[in-house]
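Visitor: Could you take me closely through one part of this model, the packing of its helices at the start of the chain, and then follow the chain onward from there? I would like a connected account rather than a list.

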Amino acid sequence: MPTPLDTAIARLDELGRISDSPHHLVRTFLSPASRLAAVEILRWMASLGMEISHAADGTVRGILAGSSPRNAPLLLGSHLDTVIAAGKYDGALGIIAALAALETLQQEKIILPFPIHLLAFSDEEGTRFQTTYLGSRSIIGPLDPDTLAAKDAEGVTIATAIAHQGWHEESTTICYAPGECRGYVELHIEQGRVLEEAGEPTCVVSAIAGQTRLTATLTGRADHAGTTPMPLRRDALTGAAECILAAESLATSTPPLVITVGKIHLHPGASNSIPQTVTFTIDLRHPDDITRANALAELHHTCTRISEKRHLTLHWQPIQNNPSTSCDPALTAALLASLTAVTGSHRLLASGAGHDGVVISKICPIAMLFIRCRDGLSHHPDEYATPADIGTGIQILTHFLKSLAPSHWGQSLRSLDFNIFDF
Ligand code: GLV
Ligand code: MN
Ligand code: MN
């Protein structure tokens, strides 16, 4: 009989094989592999006796009613999409670990006095549209017109993708109003090196850093590579190169600011034509929102100056601006109590990576648990967390859920006047 941890590790491998590419792991918003992964996750939810449903945008949900189905639910979850050439832990682990914790509770015949809603979000990474958190944004209300008009590399808008590639058959609207849920808890790999350096398997998250995403397009003039003297060129690619290096030096001189250009497209793209148009993405992050806004303004100013000097035009297209988000103090204290009970650690860590909690914090308290990952590596096929560390994470999540069952209410937690106990 496999343990919940054995099952979790096997499921991670299984989801890690469901990909849109034969060469590496990639699952993007509403892609065929995302649908296959969602179907598999629904099957696992159903095997726990959960009531399952899916939204047209590919987000799936399993509900365990608990002893009082009308009480406000606790949300658990993570995202089922990935970056390109991803590791198999980012996102998937949070869904699978929650299933393992719920299975453990069932084995121990512990019934919670409120429903658990386990969510697997269709898009957190923004790989297809550069717009993060499409799945979690959709559960707090309809997507705004600007987001729906965002286009993928083929020029397909989000609205069209949902209309034509969405999972409409028997779909449900999965949506929560502010105050309707008692909290959201997500387990995730750390995606950094702090836990490894500290020699600790897990920690609780204090806050999630803000991030800005945009695209910059520089336009010059295509011309002949053999006949156009250097001073007469309006080369969009050399202009982009200068902007990208300016972004790197700005971030290097302003730690912990980080700026990444992860995607670039040029036109016409021939070895003997001078590049006319270059579009590149900018991902800019800093834990402090004011410093992030100032850095963004400075980078915009620098890119404008570079484009003027090179007789290029610059189109600066903001896509997303997410503020730094604090985790909820009371929910975090409860998760920290479980971390301490299981591992003895009290470690709190701010997340540099983005997570769905940024969005969900608009409707309910959020808390997160991090699991150590090897070399801090993430968004890479070699992303890895040991089964032992995953087991510790599942144990902490299970301990936390148990502490919410009336039979396990401890005085220390109740004295926090913690609204998760208000039924
Ligand atoms: C998600 O992984 C992000 O932080 O970009
Ligand atoms: Mn993630
Ligand atoms: Mn990620």
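Guide: Helix H1 crosses helix H3 in a right-handed sense, and in this predicted model the two pack at an angle of about 155°, with their axes 9 Å apart. Since angles over 145 degrees count as roughly antiparallel, that angle makes H1 roughly antiparallel to H3. From the side of H1 the contact is made by Pro4, Ala8, Arg11, Leu12 and Leu15, which meet Ala92, Leu93, Ile96, Leu99, Ala100, Glu103, Thr104 and Gln107 in H3. By class, these residues divide into nine nonpolar, two polar and two charged.

H1, which spans residues 4-16, also packs against helix H2, residues 32-47, here at an angle of about 160° and with the axes 10 Å apart. H1 and H2 are therefore roughly antiparallel to each other as well, and their crossing is right-handed. In this second contact Arg11, Glu14 and Leu15 of H1 meet a set in H2 made up of Ala37, Glu40, Ile41, Arg43, Trp44 and Ser47, and the class count is four nonpolar, one polar and four charged residues. Arg11 and Leu15 thus appear in the contact with H2 and again in the contact with H3.

H3 leads from this packing to the metal site, for Asp90 sits in the loop between strand S3 (residues 74-79) and helix H3 (92-107), while His79, 11 residues away from Asp90, belongs to S3 itself. These two residues, His79 through NE2 and Asp90 through OD, are protein donors of the manganese ion (ligand 2) together with His188 through NE2, and the donors lie 2.1 to 2.2 Å from the ion. Along the chain, the donors of this ion follow the spacing H-x10-D-x97-H.

Asp90 also reaches a second metal, since it coordinates both the manganese ion (ligand 2) and the manganese ion (ligand 3), which are 3.6 Å apart. Around the manganese ion (ligand 3), Asp90 contributes OD, Glu125 contributes two OE atoms and His379 contributes NE2, at 2.0 to 2.5 Å, and the donor residues are spaced D-x34-E-x253-H in sequence. Here too the site joins distant parts of the chain: Glu125 is in the loop between strand S4 (116-121) and helix H4 (134-139), whereas His379, 254 residues apart from it, is in the loop between strand S14 (366-371) and helix H12 (387-402).

A further helix pair can be set beside those of H1. Helix H8 (residues 236-252) and helix H9 (residues 289-309) have axes that come within 10 Å and cross at roughly 150°, which makes H8 roughly antiparallel to H9, and H8 passes H9 in a right-handed crossing. In H8 the residues involved are Gly239, Glu242, Cys243, Ala246, Ala247 and Leu250, and they meet Ala295, Glu298, Leu299, Thr302, Cys303, Ile306 and Lys309 in H9; these divide into eight nonpolar, two polar and three charged.

As for confidence, the mean pLDDT of the protein is 95, and 96% of its residues reach 70 or more. A stretch to read with care is residues 411-418, where pLDDT stays under 50 and for which the model has 12 contacts beyond four places in sequence.

Methods: Residues are numbered from 1 along each chain as its sequence is written. Chains are lettered from A and ligands numbered from 1 in the order in which they are written. This is a predicted model: local features need pLDDT of at least 70, side-chain atom pairs count only at pLDDT 80 or more; totals for chains, interfaces and linings use all residues. Side-chain values use heavy atoms; hydrogens and water are left out. pLDDT is the predictor's confidence in each residue, from 0 to 100. Contact means heavy atoms within 4.5 Å. Axes are lines fitted to C-alpha atoms, for helices over the stretch in contact, and angles run from 0 to 180 degrees between N-to-C directions. Helices (H or I, at least four residues) and strands (E, at least two) are DSSP runs, numbered from the N terminus. Angles under 35 degrees count as roughly parallel, over 145 as roughly antiparallel, 65 to 115 as roughly perpendicular and the rest as oblique. A crossing is left-handed if the near helix is turned anticlockwise from the far one by less than a right angle, and right-handed if clockwise. Ala, Val, Leu, Ile, Met, Phe, Trp, Tyr, Cys and Pro count as nonpolar, Asp, Glu, Lys and Arg as charged, and the others, Gly among them, as polar. Donors are N, O and S atoms within 2.8 Å of the metal (3.2 Å for Na, K and Ca); water is not among the atoms, so sites may look incomplete.
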